[in-house]
Structure formats: C-alpha cells, structure tokens
Amino acid sequence: MTWIIGVDVGGTFTDFCARNNTNGQTIIHKRPSTPHDPSLAILLGLKELKLKFVSDKKRIARLAHGTTVATNSLLQRKGGNLALITTKGFRDLIEIGRQVRPSIYDLQIDSPSPLIKRRNRLEIDERIDFEGNVIKNISSHGINNLEKKLKKLINIDGIAICLLFSFINPTHEIKLKKALSLRFPHLPISISSEVQPEFREFERFSTTAINAYLQPEVGKYMENLKKGITTNEPNLELNIFQSSGGLTTIERASDFPVRMALSGPAAGVVGASETALSSSFKDIITLDMGGTSTDVCLIQKGKAELANMRDISGFRIRLPMIDINTVGAGGGSIAHLGKDGLLKVGPVSAGAVPGPACYGLGGSKPTVSDANIVLGRLPENLVGGEMKLNKSKAYKAISPIARKLKLSVEETALGIIGIVNSNMTRAIRSVSVERGHDPRHFSLMPFGGAGGLHAIDIANELSIKNILIPNSPGILCAEGLILSNLQESFVKTCRTPIDSNLRSVQKAISELRIKAKNWFANEGKGKGNKSLLLFIDMRYVGQNYELSINVGNTLTKSNLPNKIVLKNLFFEAHKRSYGHFDPLAAIEIVNIRLRAISELDCRPSNISNNKKSPKPFKITQVWFDNKKAKSTKVFERSSLPSGFSLKGPAIIVQEDATTLLPPNCSLKVDKKLNLVLRT
Amino acid sequence: MNKRIDPISLEITWNSLKSVADECFITLMRSAFSTNIKERHDHSTAITDSKGKLIAQAENALPIHLASMGGLIQHILDEYIDNINEGDIFIANDPHVAGGTHLPDINMAMPVFNKGELIAFVANIVHHADVGGAAVGSMSGGLNEIYKEGLRIPLIRLYKKGEIVHDIFRFLLLNMRLSDERKGDINAQIAACRLGVSRINDLIKKHGVMYIQTVFNEILSRSKKRMQIAISRLPDGDYSFTDFMDDDGLNTKDIKIAVKIIKKGKTILFDFSETDSQVEGNFNLTFNATQSSVCYSLKALLDPELPNNSGIFDAINIEIPKGSFLNCLAPASVALRANTCQRVVDVVFGAFINVLPEKVTGAANGANTSAVFSGVNPLNGNRYVYLETLGGGMGGRYTKDGKDGVQVNITNTSNLPIEAIEMEYPLRVEEYSLVENSGGAGKHRGGLGIRRTIRPIGHKCEFSGVGERFRHSPWGVFGGKPGKPGKFYLKDKKGKITNLSSKSSGIYTTENHAIIMETPGAGGYGKPKDRKKEDVLEDKNSEKFSQNYIKKYY
C-alpha cells in the first residue's frame, strides 16, 4: 500500500491530508505549526500521521508541500543582503519602479523601500538594443572593477543580475554570472533572463531581485526539510507547490523561490476546483475566509485562471500565478464607528493575537467572530473542543457600540455581519466584473473556518443560487496538494506582427519545446498524462497589454495554428475581456509561453457513507433578524449521509468549520458528501 | 424625506452606491480602446443626486475630476431643466461653458428617472488622447486661446430619449485625430452610463425612491459634517501663503498664486483674490479645477479617508475674482492646468505650515513635467509621437523623508517601460536615475528628482517639454532647505551642454545630442542640524548626496 501526503503549512496550523493510493482511504491530521523552523512540524506530523495508517507497510510514495516560507520571508523582510548588478545608468530603476504611489490622498503611505540598498546596486558599462544587438560589450576591465566593488560590500549573501534587453539576448547576463560565480563561488546568483525572460524591465528586475532575496532563507529551509525527510523516508518523492498551481522539484524550488510566493492559497484553489468538479460544479467563486482577510478566486470550466502579475505587500512579481484576490475582511475584522457616525467593519483586524474578544486571549475590540457568537451562529466550542469561545466577552466587546447606536447588542451584531458581507460582496463583484464575468452564473464555494457562516447572505446579494461546501473545508489546501500535478512554465518574448512571416515565432516555439522535453525527461516524470500547452500573448499594435491565449496542446506537434485561427482566437479573447474587437486593426505577437504538465496519479477519495438518519445533537437560539432568536437545530457534519436534505434554520458544525442555514434555505448532502445549499 | 435611516442600513446602501460607481469605472476601463484609459486609468465615474450633488465616486477616481462631474450636471440643470428626458445622454468638455477643466476631458452624464421623476444622474469623465486642435494630443504648450487647443463641446445631447443623435456624433469624431479610437472610448463612456442607470434602478426597485433619496441626503449631510468637524478642530485665524510659477511659456513670468485662508468656527474660506490675473499661455485654471485642488489638499491634510462627494465642497468656501489665473474667463487656454493645480496644492499646504505642522510637507516637485518626442521612424518611415510624464521629489514630512522619484499630489500616472519605448520608437534611453543632491536638506530631507536621458537614433527628432519649478525652487519648511529646481538640456558627444527653457517646443536634435530632463526635487522638513546621524550617514552611503553637499548642510 502506498500513501500520498499533502502538507500545507500555515501560520497557526500545519495540515495534512493522506490518501491511500490503493483504496482511496483518506486521513486528515492537524497539528500546531512551528514557525521558527516549519520543517519540524512536518516531520513530527508525519510520524503522528503514520500511526493513524491502517497498514503495516506504511510506505509513503510522495509528499506534496505547500509553504508560506517564501511569502513570510518577503512580508517580514527577512531575506538576504544582496547586491544588484545592472546596466550603466539604471541602478535607480528598481527604486523608482513605475513612479506611482500606493495611496493618492494619504501623504504618509509609501511603497516599501527597495529590497536592495542603493549602495549595493552596482552598474556595468554594457548595452544591448531592442533587437538584441550588442551596442556596448562587457570588458574584462569592467568585470574586474565589479569584483573589486563587490568585495568592498559588507556581508553579501546573494547577487541579482538584471540587464536591459536580456530577455532577447541573455549573453551579457550569462557572461557576468559565469565570471562572478568563479570569483564568488559561495554566493547564489539570480539572473533575470533565467528567472523570467520577459519584456518590461521593472517587472523582470523586481521579480529577479525578490528571487535573489528569498534564496538564502528558502534554500536553507528546503535543505533542512530534504535532509529531515530523506533520513526517515529515503525513497519518498518530495515536491513543492508553486503559485502557478503545479508542483516542482525541491531543487528547482530552491533555485526559484519567488515561484512559491503564493504557494499556500493557490493550493486551496486546486482543492476547491477538484472538489467542485467531483460534484459536477464547473463555474465557482471560492471564498476562503480567514482571520484578517478573505481570498477570492474565479474558477471557470473547472480551471482557475492564471494572472501574470501581482504585487505582494507592495513588491511586484511577474510570473504565472493563480489569480487570487485578497479582500481585507475576515473573522477578526474590527467593528468601529466611523468619523461620519456610521458603523464600519475593518480593515483593521485583531489577527490571531490577541484575536477576537471571544477568544479570551486579551482582545477587547468587537470583531466579526464576536458578532457571530453573539447571534448564536458560532458554537462556543471550536476546533474539536480544544478552544472554547467566550460569549460574554463577545457581548461586552460589542455593547459600547450598541449603546452609541442606541441598538441592542444583537441588532448591532446583525449590523456588523451585514456590513462585512456587503464589503465582501462589493469586492467579489469588482473582481468578477473586471474579469468579464457575471457572478450570477457562478456557484459560491466557501471554505476556511468562517466562510460557511457568511455564504448564504453573500450569495443572496450576488444573486447566486447555489453554494457548495466541501466535505473538509478546513483542509482543502492540503487536499489540493495531493491532487496537484507537476508543472513548469517556459516563456520567450518574440515580438512579431501577425501578418508577417512567423518563422521567428516558430523558431521560438521549437526552442521552448526542447526545454520542455528536457524537463519531461528529467523532472516531469509523472505516471499519468502529459500535456504541453502553448499560449501566445497577443495585442493590437499600440496597445500596452497583452492577452495570453491558449492555442492548444503542442506535445506531439509543434505547428503554430494558421493566422486566421490565431486571429479568431484573439478576437474572441478580446471580446470576452474588453467587450469588443476590431477585425481590421494590426495584431502583434509578444510572448510565447509553454506550460508543461505531467500528471501524477492519485485515486479519488473513497466515501464512507453513514446510513443512519441524523439527529440534531442540540437545539440552540440563533438570531436571523432583529425581532427574536429562533430555535435552531445543530447537526454534526459527519452524521449527515449522502442524499440527506434539510430545511433551514440549522447549523452544521465540524472540527474546522461552521455552516449556517438560515430559514427558508435548503441543504442537500450530495454523493461526495459535499453540502449543496440553495438560497 | 426626513425619515432617519439607521446607521447600519445607511452604511450598507452607501456601499452599494460605491459599488455601482466602481462597476461603471471597471466597465469603462474594460470597454475603452485607448491605452490612456486601459493602462493609466485616466478616467472617473460618479453618481449625483437630482440636483447635481456628487453622492459617490469610484474608488479609483482621480482628484482632478472631482469637481468637473458635478459641474457638468449643474449646467444640465441650468440649461435643460424642463427638457431632461429618460434615455438622454449629455456630453460636454468645455471648461468655460460646461464645467470642464481642459478639453481632452470629455464629460458624460445620463439621468435616472423613476415614474417620470428625476432621481439621479450617472456621470463619467475620460481623458481622451486627442480632441483636435493645433497639435497631436491637444496638450501642447504655447497656445494662447482655447480655440487652438481642440474642439470645444458645449453641453449637448448625444442621445435623445434613447436615440443616438448621429449628426452630433459624426461632427465630434471628424474633429478629432484617431477617430476610431475616439469612437471606441466614447462608446465605452455610453456603456458605463447605461450600466450605472440600470444599477441605480435596481436599487430603487429594492429600496424604494424615498429611501434612496433619504440616503443621498444623509450621505451629503454626514460627509459635510465630518469635514466641518475636521475644520472646526483647526484654530480660528487667517493664514496666508504666496508662491510663484516660473512662466506661462509665452510672455508672463513669475505668476503669483496667493491664498488667504480665513477659518472661523466650522467655516473655512479660501480667498485667492491676491492671485495674478489669467495669462496668455495655457496654464490657467477654471474655478472647478481650483476647487478640485483645494479639496484634494484639505482632504490630504485633514482626513484622507473622507469619501469623495459634494458634502466636502459644501463645507468649503472659495473666493476667486473672475478673470483670475485660478478662475479664468473665455477664451483663456487651459490645457496644461495640471501644473498649476500642483502649485495650488503647494500654496494651500504652505498656508497651513504653522497650523498643521505634523501634516504639511516641504514643497513637492510642483509640476506635471511632460515631454513629447516626435519624428519619422527611420526603420519604417512612419511618423511617431511619444509622450511621457515624469514624477519628481515629494516633500519632507513630519515623521520621515519625502519619497524620491514619484508622482505627487494631484497626479499619479505611471511611466512607460524603457524596453517598450525602445521597441516602439527610434529612441534610446541612456539613463533613468535619481538626481544627486536634489532633495532639500532637513531633519527629514525632501525627495530627489528624476533624470531621464534620451537619444534619438538615426533620425531628426523634435522635442517639446513642459516643466515647472525650474526657477522657483521647491521650498522647505521649519528650516528645511529647498530642493533643486528642474532642468532640460542637450548634451553633445563631447559633453558640451546647451540649456533649454522649461517650456521648450520645436527643439530639433539628432543622434549627436542626448536630451536630458531633470525634474525638481522637493523641500526638506525641519532644520538640517536636527537630522539623525544615521540618516546623514545613509545619505552618504546611498550616494544620493555628495560629500560636499553633506559637509555644507549637516
């Protein structure tokens, strides 16, 4: 018997999902994280988990890992002390960025200061033009000078090399990398033509600098993890989850840590889309509600879209990443009276410490969780009974605002919920409309601890009919990890008018295919299907943004579709994204992208259905409107068999999540034991 | 109508109204054709009540557009009051007769009716890349009357009772360059209007007309009150400040902008009577542009989170004689107004130096530095025009230094990637950097200006540039030193320098000369001697300041 394990390391908990790949048995496990060395919780958890296996051989075939190490290192600015080498005249480029400021009206808010100090940014006299011609060569004198300057810098632990037009002609970057790695063999070097060989210098430089910044810490972590795991499980295949939605090898993850910047939340989206597909839902909006924020992602036809650019705490990353949007509202968002006398919720959050008042950890400010507990919606026993919520502290926290508003505490709590829901609704609407979608055509999938408490109200506001609540909403990220495939992206900028001879495009595709084939041979060795998706970034001449268009699988043949097909695909995409297209305007190709996917095998989870008809384990009083509380049945989630249906009001509790079913709404447990709620 | 609404329902409905404005903003962005909207988001959307009071603006709407949309509706009510119909769409751009601030900003508005009663307007504004006139882009300097700046559109109807007026549309498009793109952008504005009207109708259906009207009134009175509370916290008194703009690019030098702020109780008056009269060059402001700049300044100083609506205007009085530089009369030209708006902000900040010492900053780069490069691309024989706007220093602040190389105050437009410029145009960018020693010394120093060096490749290139604060340096506060002024110049291959004026036009160069633009830095905050040792050390280590400069000031 072999097992596949997904491990998702979060700030508070490390979640495990283990699947027996012979019979589909699934075991979940949760343990506190060990933030000083996250690999510790993984190793301990694996031991604990193996005791739960109902097998004598207990062989673990592979482990898929989603990590926040890269994200945290960036957020807390704990990365390396770096040197940057760039083209003469441009050492400030990474500091000026796009010359904009993050807030128009607030004079105190700045973009974060650059990751690399100015004195550590060195210039080299060299230049390549827009066609890749060398205008100015790198001289050996220049390299020697650079070496001298680098030696003078104090305690450097990494180098980023970022030269103009290296995405067309990388020879200068490669030459510098070779020369410097001979002279500084102990320093990791990131070069922009390897990290992301794409046009637009600031985005490329910034991505490369972040990569170099993360390398020392992430590299160390990966090394520890690998060592720890191979000691116990020498044959285990260890893969790391990337922001793009696929797995990669630990070696590549150490070389390109910037690809892990959104590793955690992206895994949740894979878990969500697979769960939804198993229940035959193809178009869903995910709602991952945490303590301080909520992640929203649109999944269409079972696939989450990829975005090619994102800012993470003010730092720009240009890489394919699952298109997740973060809304500043969560269970810990604090309610307060604004300067206009109106009730506001967020954006300030009580976080995990001190947390909502009801946690009893010293928090005294009223939060969304406090409102939920006052209304009887959140049970007082949370997380498998380990943590008890304090209802009277929640009351106490909300009553000062209630007094000022001349409302009862319950009415105020209803107001807090109403406002946080309206904030989330506004954000979801913006995200959908911006991507050309009407939220009414989607189903809503809440996960995370509190998503199920707010889902019905939000769905109502968005005119969404169906809500799908996965079987284990709190462990979706870990589950997504075991369902993920190996994936690698390749890009080459190749700016060509579509009506010209496309030989250079064809050549670029061939080059990328060779790289992809190498990847399949050496790393992408999954046992399942392989695919190689070709994307062409196109735009109208004069536009400043491209549309990335999937033109099909190019695994076996490398032929570019003909121009008419390409144009039609572009028109279609332009219409979908911008509402119109012009059949006569000139179009150009900008980038060629390949996405190589090598599927790993993983059996679907076997469902052990409980046949007994469920009984509520208690009746509680819940406020749904400001008139009076209603008697509401509370069910254990695990007691609900497939095919069971229920009319609201009801509450469904499970270890890591709570679902609220208001009056006049209905619930049905489907074949996969997912809950389908209807408004 | 006077029924009170509870503060929870009000917050939720207000959120819905903002959401409508946001959705219009995104729809406009998505369906527009031009880069200016899609990438630079040079557009705004809003909802007003039936009297033209601005109720909600999109989250990402621009400060400079704040007063124009309300201004347009005021004109609709004045000129068309008995003749506003369901399905009408109004269009206008004229600063002198239709509430605009410069011609490229085309305003549009559509009324919302319920059972024959006028309830609201949905409005939007777009900076169009061209509206005709003497030069491409309708933004070139040196024009002395508005007729030369582009097509003047008075307040007219593009749609009457749901039917497009084709004659008008054709007439407009014929007068603009790149008419296909204009058509696409105008259609996007129409789509945004229609969406907004249908969303407001949904809200009316859900909540009833009375409720929505009460919400409008509550939003206005609460925002006004919020502003008044912030104002009443200021000490009573008169505060004045004066600054000078370099010139108007024609015949007027040292244009005086002077404000006297009279604050009493919860009222505040901005009296600009001592400001110079309107000038020939196109730097004049209409009243709406001045009002937007004053509101921006006050919001930034007192309450950055304050929602953008007419409640703010209602709390502020502004007095400017007609014919003033800041309240110009036809046919004054106005295209480069953004430079003047920046200076109005500096002057208002200046007046508050001693009143809000923790909030004011040293003077920022005080300009909307822009440059146009044009010529014939030797590679394909096509004519090209490349426009860019450059940031500069931000003033030193109470708690920290001013930011280096950034857009300030009234503007926040991004730069174009160097790799995009060189692929698109026969130009080579040789340097993009911060200007050494350009941030004024101080306890918290001013931000540095930006240097951009561009060389034309293989052809003759025409350069026009508009800069400000080339002579009148950005001042420091509380003993902070002034920032370095801006500068345009040519440099030949031997390093010989030829200075250019701050309003340069028709400068022809070849590959032998690089064009160098240096934007102004910004003023410092507090005395240099109070600067922390580690900060001075950082000035030195970062190589942002020379040894000599540090020795001189610290």
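# A guided tour of chains A and B

Begin by selecting chain A, where buried residues make up 51% of the 679 residues. Keep in mind throughout that what is on the screen is a predicted model. With chain A still selected, a cartoon view should bring out its secondary structure, which comes to 16 helices and 37 strands. Oriented along the principal axes, the C-alpha atoms of chain A fill a box of roughly 80 × 60 × 60 Å. The radius of gyration of chain A is 26 Å, which agrees with the value near 26 Å that a compact globule of 679 residues would have. Of the contacts in chain A with a separation of 6 or more, 67% are between residues 24 or more positions apart.

**Domains of chain A**

Next, colour chain A by its domain assignment, which gives domain 1 (2-73 + 220-264), domain 2 (76-219), domain 3 (486-598) and domain 4 (618-678). Notice that domain 1 of chain A is written as two segments, 2-73 and 220-264. Now show domain 1 and domain 3 of chain A together: their C-alpha centres lie 33 Å apart, and 8 residues of domain 1 are in contact with 6 residues of domain 3. On the side of domain 1 of chain A that touches domain 3, the largest share, 3 residues, comes from strand 12 (residues 247-249) of chain A. Coloured by class, that side of domain 1 has 1 nonpolar, 7 polar and no charged residues.

**A stop at A:Met309**

Select A:Met309, which is placed in the loop between strand 16 (306-307) and strand 17 (310-312) of chain A. Is this residue buried, exposed or partly exposed? A:Met309 has 13 other C-beta atoms within 10 Å and is therefore partly exposed, since 12 or fewer would make a residue exposed and 20 or more would make it buried. Leaving aside neighbours within four places in sequence, show the residues in contact with A:Met309, which are A:Glu203, A:Arg316 and A:Arg318. A distance drawn between the C-alpha atoms of A:Met309 and A:Met321, which are 12 residues apart along the chain, should read 7.4 Å.

**Chain B as a whole**

Move to chain B, in which there are 12 helices and 20 strands. The radius of gyration of chain B is 24 Å, close to the 24 Å that the globule rule gives for 554 residues, so chain B is as compact as a globular protein of that length. Along its principal axes the C-alpha trace of chain B spans about 75 × 60 × 40 Å, and 60% of the 554 residues of chain B count as buried. Among contacts in chain B between residues at least 6 apart in sequence, 74% join residues at least 24 apart.

Colour chain B by its two domains, domain 1 (7-225) and domain 2 (361-554), whose C-alpha centres lie 35 Å apart. Where they meet, 8 residues of domain 1 of chain B are in contact with 9 residues of domain 2 of chain B, and the domain 1 side of this contact has 3 nonpolar, 4 polar and 1 charged residues.

**A sheet and a hairpin in chain B**

Still in chain B, select the open sheet of 4 strands, which are ordered 13-12-16-19 with antiparallel pairing. Strand 13 (383-389) and strand 19 (503-509) of chain B stand at the edges with a single partner strand each, so one side of each is left without a neighbour in the sheet. Ignoring direction, neighbouring strands of this sheet are turned by 15 degrees against each other on average. Zoom in on strand 12 (residues 370-376) of chain B, which is joined to strand 13 by 7 bridges in an antiparallel arrangement; here B:Val372 has B:Leu387 as its bridge partner in strand 13.

Then select strand 17 (residues 487-492) and strand 18 (residues 497-500) of chain B, an antiparallel pair with 4 bridges. B:Lys491 has B:Ile497 of strand 18 as its bridge partner. The hairpin formed by these strands has 4 residues between them, and in it B:Gly495 takes a positive phi near 95 degrees.

**Where the chains meet**

Finally, show both chains and select their contact, which takes 53 residues from chain B and 53 residues from chain A. On the chain B side, the elements that each supply at least two residues include helix 6 (209-232), helix 7 (287-302) and strand 14 (427-434), while the largest share, 14 residues, comes from helix 1 of chain B. Coloured by class, the chain B side divides into 16 nonpolar, 17 polar and 20 charged residues.

Conventions:
Residues are numbered from 1 along each chain as its sequence is written. Chains are lettered from A and ligands numbered from 1 in the order in which they are written. This is a predicted model: local features need pLDDT of at least 70, side-chain atom pairs count only at pLDDT 80 or more; totals for chains, interfaces and linings use all residues. Two residues are in contact if their C-beta atoms, placed from the backbone, lie within 7 Å. Ala, Val, Leu, Ile, Met, Phe, Trp, Tyr, Cys and Pro count as nonpolar, Asp, Glu, Lys and Arg as charged, and the others, Gly among them, as polar. Domain bounds come from an automatic or database domain assignment. The radius of gyration is taken over C-alpha atoms; the globule rule is 2.2 Å times the number of residues to the power 0.38. Two strands pair if DSSP finds at least two bridges between them. Axes are lines fitted to C-alpha atoms, for helices over the stretch in contact, and angles run from 0 to 180 degrees between N-to-C directions.
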